[in-house]
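Work through the exercises below with the sequence and the structure at hand, and try each task before reading its solution.

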Amino acid sequence: MKLCKSMVAIMLIFILALSVGCQPQKKPQQEQRGKPKPVVIERDLAAQAKEAAKSVEGVEEVTAVVVDHNISAAIKVTGFKRLQLGAIKREVDKRISLLDPEGDYKVYVTADKKLFKQLQEIEKQIEENNIKDEQSLKQQVEKINDAMKG
């Protein structure tokens, strides 16, 4: 009986020792509250992307922004050219990608009217230097880019 109690006690100590060692360690709070990285907005590259997209036959209007190595472009294609929308989008993507031979940027292209309007509003904010919160702007662009994937 005494041997059985000793075995149970040893097993409990062993289990406790294992469970204490398996807890994830918490990071210091200073690291968690660190300042977010500054948002990089490239107006010149966005202008170049707009020109590249406008050079594609069938594209009537373009809006584009470049935020943190993401080139986001929205195009307007109307009339019978909409029947070739897939090919036009691929060509716009290709021409914008040629602006970045190193492949540092990810290119997003859409012809969705709602996304066009949202991207156009962001472009207008950037042009007018009317950016209140860069992190919020970045999140808006990321949300638009996610919608372009789907």
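**Exercise 1.** In this predicted model, find the strand that holds Thr-110, and decide whether Thr-110 is buried or exposed.

Solution. Begin with the placement: Thr-110 is a residue of strand 3. Next, take the relative accessibility, which is 6% for Thr-110; since a residue is called buried when this value is under 20%, Thr-110 counts as buried. Finally, look at the surroundings, where, leaving aside residues up to four places away in sequence, Thr-110 touches Ala-73, Ala-74, Ile-75, Lys-89, Leu-115 and Met-148.

**Exercise 2.** Describe the sheet by giving the order of its strands, and explain why strand 1 and strand 3 each have one side without a neighbour in the sheet.

Solution. The sheet is open and consists of three strands, arranged in the order 1-2-3 with mixed pairing. Strand 1 (61–67) and strand 3 (106–110) are at the edges and each has a single partner strand, so one side of each remains without a neighbour in the sheet. From one strand to the next, the twist averages 15 degrees.

**Exercise 3.** Determine how strand 1 and strand 2 run relative to one another, and which helices pack on the sheet or lie across its strands.

Solution. Strand 1 and strand 2 (residues 70–76) run antiparallel and are joined by seven bridges, with Val-62 standing opposite Ile-75 of strand 2. Helix 3 (residues 43–54) packs on the sheet, where it touches strand 1 and strand 2, and its direction makes about 150 degrees with that of strand 1. Helix 4 (residues 85–97), in turn, lies across strand 2 and strand 3 and runs at about 150 degrees to strand 3.

Technical notes: Residues are numbered from 1 along each chain as its sequence is written. This is a predicted model: local features need pLDDT of at least 70, side-chain atom pairs count only at pLDDT 80 or more; totals for chains, interfaces and linings use all residues. Side-chain values use heavy atoms; hydrogens and water are left out. Two strands pair if DSSP finds at least two bridges between them. Helices (H or I, at least four residues) and strands (E, at least two) are DSSP runs, numbered from the N terminus. Axes are lines fitted to C-alpha atoms, for helices over the stretch in contact, and angles run from 0 to 180 degrees between N-to-C directions. Contact means heavy atoms within 4.5 Å. Buried means under 20% relative accessible area, exposed over 50%, partly exposed in between (1.4 Å probe, protein chains only).
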